[in-house]
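Please open the model in your viewer, colour it by chain, and keep the sequence panel visible beside it. The stops below each begin with something to select and then say what is to be found there.

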Amino acid sequence: MTYTPLNATKAAMSFQRDWVSQLRDDITGGKKFAFVNADTPHELFHAMDMPIVTNQWWSAVIAAKQLSEHYLDRATEMGFHAHLPRYSSLPLIAELDGDPSRQPWGGLPAPSILCARQSSDEHQKVFSLWSEATGAPLHLFSAPGVPDPAPRWWDLARDQWEDLYHTDRLDLMVQEMNTLIAKLEEMTGRQFDHAQFAQYMHAINEQEAIFEDVDRMIAQAPRAPLRISEQIPNVMVPQWHRGSDWALQHASTFRDEVATRIADGHAVCENERIRMMWIGAGLWFDTDFYTAFEDSHGAVFVWSMYLPFAADGYIRTIGDDPLRALAARISLMNEQLHQPPWVNEWLVEQARRYRVDVALMLVPRHDRFSGYGSRFARRALEAAGIKVIEIWSDMVDRRDWNREQMQAHVAEALDGIS
Amino acid sequence: MTPQSAAEILDSAYAARATGAFADMVGIFGEGFPEPLLRAAGLGPICVHLNPATDDVDAGQGVSECIEPFVDHAVRRFLHRFAAGRYQGLKAIIFCRDDTAALVAYQYALEFRRLGLAPAEPQLILWNLVHAAHAHDFNRQQLDKLWQALDIPAPSESALAETWADECARMDALAALDADMGQGAVGASTAFMWRIAGRGMDGRQHADLLNCARPMAPRPASGGVRLGVIGSAIEDVAFYRTIEAHGTIVCDLQPMIAAWPVPLPPQPTADAFLRAAASDVACPRIVPPNAHADAVLRRLADAQCDAVICQLHAHDDVIGWDVPKIADHLRDLDIAFINLGFVDPLPDTPALYAIGAALGADLKTRGLA
C-alpha cells in the first residue's frame, strides 16, 4: 500500500524549516528570543514580536535526532536521579551538558527570558535551573487548582469560561500576564497594543474554528483520510504561529486538501478494519510506530489530541477583555489533557465521535503529570466499549523502548479484534 | 505532670496520630496549611496523610485499579482509607494544592466519589494558597472561600491573638527541641515522634508537653559524626533509629519536619498568617524557586554537619532537581554528601538493614565512622 502525503504537510514542514533557519540566524545575530513552556501564553510573546522556542518542541527535536539517550545518561552522571520527568527536562540537560555542537542547530544561545507555568511540579525547578545556568530571568505563572471541576469542560470552555475556570484564578493569571507584558515592554522597547491584540485573538479563534472543521470532517469520514503523523504538523506548526496570516492560510489549505481527499474516497488503509486513537503526546523518537499496524491489521490511528484540542482547548469567546480570554485559554490548558475528570470524559467523547475501536495509551511513568489519570481514562474508555492498550514508555526517552516487543504486544491485542 | 508522663503522652499521641474522634475536626492532606487559623475558628486539624500503617485499609479492586503505580505512597494509602469511609465524621478534608501530592489526592478522591466508589461525606476542599508574594489578594480570597465552604464565621481578632500566643509557645518549644537535637542532647528519632505527636494538639498543650518532657528525653545512642537528613518525607521512626546507629542527626530537613508547623507571623492577623504561610521556604513550589534549596543549604551549613544523608521516594519529581546543586555546595563546604538513593517512606526491615549497611560502609570509607 502506498500512502501519499498531503501537500499541506510538505508546505508546513518547509515553512517551519525556513522559519527555524531564519530564527537561528536572528538569534545567533543577537536577536532576543524567549524559551517557554508549552502551556504558557505564547500569544503575549507573539504580540510583542519576540520569537519563542517551546521547551517541549525542542525536547521533541532532540529526541527525533536520537540524542535523548546521550543526554538522559548525562543527567544521571550529573546527579539527577533516573526517575525524574524527561519530556520537560531534556533541553535543560542538553544545556547543562555544555557541548552545544552536539545539539540540533549547534544548540541554543542564552534566551532573553524564560517562561513556565507551575502546572506540573517540576516546571519551576527545571526552569529555575535553566535560569541559573544562563542568567536569563524567569517569569513563572502560578497554577492554582480548580475546585469542583466540571467533567464536560469543553461544553463550557468557549462561552462560560468565567465560571468554568473561576474568577479568582483568572484574576491572578491576568495579573501575572500584565507583569510579563511589562517585562517584555522593557526588553523590547515596544508598547503592548491592546487593540491590535484583540484583533489577534479573534484571528486565533478563526484559525481554531478552521481546525474544528477539519476535526469534524476527519471524525465523520468513512475511513481515515490521513495519518496522524500528518495531522500533527499541520496543526502544531500553525499553532506555533497561531493567529498569523500564514497560519490562517495554512489551516484553510489543510482543510481544503482534507476535504478533497474525503470527497475522492482516499483512505490511509483501503481495507480499514480497526480505528485507533493515540492517547498522550507523541512518541517523538519513533513516529513510524503510528503506521505499524496498517498493513498487518488494517488498523489506522485516526485520532491524536492535537487536532481536536485546537477547538476545545483554544477557542474562547473574547468579549471586551482579550487578556482575560487568553487567561481562560491558558489557565488549565495542560491539566485538561491529563487529569481527572477532564481527560477521561473528553477522551470518551472523542472516541465516540471518531468511532474508535482501540485506544493506545502512552503512560510515561516518570512524567507523572502526564501519566496521572491514565487509569481513570482506561476505565471510562473500557466502559464505553473501547479496548485500551497501555504503552508504558516515554515521549522522548527511547532507552526502555523495544519496538519489536511493543509491536508484537499491540499486534497480539489487535489479533483478538480483527 | 512529670517529664516521664509527658513523654508517655507524646509517645502515645505519635502512635495514635490521625486517629480518634472526628467531632469538630477537619482533615488536612499535605503540608503548608496555616493551621492556627482553623484552630482560632474553633476547629481542630487532623492530618489525614499521617495515619500509621496499622490504620491502612484496602477499599477494593475498583479503587486499586484506578491508581497508577507511580502515584505517591501517601496518596494511595489515603485514597483507600477515604474510599472505605474512614474519614466520615470529619467536617471536611482540606487539600493543600502546593503540597506535591495533595492535588492528585484531591482530584482522585473527587473522581472516586463521582464514580460512586467513595462515600459522599466529608466535604472536600481545595486550599489554593499560592506561595508567591504577589498573590496575596488571591490568597486572601481563598481564606474567605474556606470559611464559606466550612460554613463558619472567620475567627475573631481575640481568638486569633489567643491561638497565635499558643502557637508561639509551640514554636519556642520546638525550637528548643531542635536546639537540643543539634547539641546531641535529644535523639532525632525522639524529636521526630514528639513533633509529629503534636500535630493533633493545640499549640499550648504541645508546648507544655515538650517543655516538660525534654529534660529526660532519650539521648542518641551513638554520638560521633554529625549528620543532616534531607530528601522526601519519611514516615517511620525506624528509619531514624537506623541512621542513629551510625551518628547523631543534628539537622532534620525531611518535609514532615521542615514544613510543619508553617511559620508564624509577627502579628496575629489573618493577613499576616497568610503572608507568613505564603513565604514558607519549606514549600518546594515557592517563588522564587531557588529559595527552597538555598534555605536547605543554609540550615545544613548552620548545623555544622559532617555529612548529609539524602533519600528520595522512587516517584520524586521535585526534590531530585536540587540534589546536584546541594551536593556541589556541600562539597565546597567540605561536608560529605551521602546519597542513599530511593528509599520507601515506610521502609521494611530488609530495606532498613540495607540502608544501615550502606551508610556504615560509606562513612567508613570517608573516615567518618
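Select helix H18 of chain A and show its side chains: the buried ones belong to Met406(A), Val410(A), Ala411(A), Ala413(A) and Leu414(A), where buried means under 20% relative accessible area, exposed over 50% and partly exposed in between, with a 1.4 Å probe and protein chains only. Looking down the axis of H18(A), you find these buried residues within an arc of 160 degrees, so they line one face of the helix; the arc is that of the directions from the helix axis to the C-beta atoms. Turn to the other side of H18(A), and Glu404(A), Gln405(A) and Glu412(A) are exposed.

A word on conventions belongs here: this is a predicted model, in which local features need pLDDT of at least 70 and side-chain atom pairs count only at pLDDT 80 or more, while totals for chains, interfaces and linings use all residues. Residues are numbered from 1 along each chain as its sequence is written, chains are lettered from A and ligands numbered from 1 in the order in which they are written, and side-chain values use heavy atoms, with hydrogens and water left out. Helices (H or I, at least four residues) and strands (E, at least two) are DSSP runs, numbered from the N terminus.

Stay with H18(A) and check its length: the 13 residues, 403–415, should span 18 Å at 1.5 Å a residue, and the end C-alpha atoms are indeed 18 Å apart, the expected span being 1.5 Å times one less than the number of residues. At the N-terminal end, Asn402(A) acts as a cap, with a side-chain oxygen 3.3 Å from the backbone nitrogen of Glu404(A); a polar contact is a pair of N or O atoms within 3.5 Å, and within protein one must be able to donate a hydrogen and the other to accept it, residues adjacent in sequence counting only if both atoms are side-chain atoms.

Which elements of chain A do the buried residues of H18(A) pack against? Select strand S5 (274–279), helix H12 (294–297), strand S6 (299–304), strand S7 (358–362) and strand S8 (387–391) of chain A, where contact means heavy atoms within 4.5 Å.

Now keep the strands alone on screen, and an open sheet of four appears in the order S6-S5-S7-S8 of chain A, with parallel pairing; two strands pair if DSSP finds at least two bridges between them. S6 and S8 of chain A stand at the edges with a single partner strand each, so one side of each has no neighbour in the sheet. From one strand to the next the twist averages 30 degrees, with axes being lines fitted to C-alpha atoms, for helices over the stretch in contact, and angles running from 0 to 180 degrees between N-to-C directions. S5(A) and S7(A) run parallel and are joined by four bridges, and Ile279(A) stands opposite Met361(A) in S7(A).

Bring back the helices on this sheet. Helix H15 of chain A, residues 342–353, touches S5 and S6 of chain A, and its direction makes about 155 degrees with that of S5(A), whereas H18(A) lies across S5, S6, S7 and S8 of chain A at about 170 degrees to S8(A).

Next select Glu294(A), which has its place in helix H12 of chain A. Is this residue, Glu294(A), buried or exposed? At 4% relative accessibility, Glu294(A) counts as buried, and, leaving aside neighbours within four places in sequence, Glu294(A) is in contact with Arg227(A), Val268(A), Cys269(A) and Ala299(A).

Move to helix H8 of chain A, residues 167–188, whose 22 residues reach 31 Å from the first C-alpha to the last, close to the 32 Å expected. Its buried residues, among them Leu170(A), Met173(A) and Leu184(A), pack against several elements, including helix H14 (322–330) of chain A and helix H6 (136–150) of chain B. Gly189(A) follows H8(A) and has a positive phi, near 75 degrees.

Finally, in chain B, select the open four-stranded sheet with the order S2-S1-S3-S4 and parallel pairing. Four bridges join S1(B) to S2(B), and Gly27(B) has Ile46(B) as its bridge partner in S2(B).
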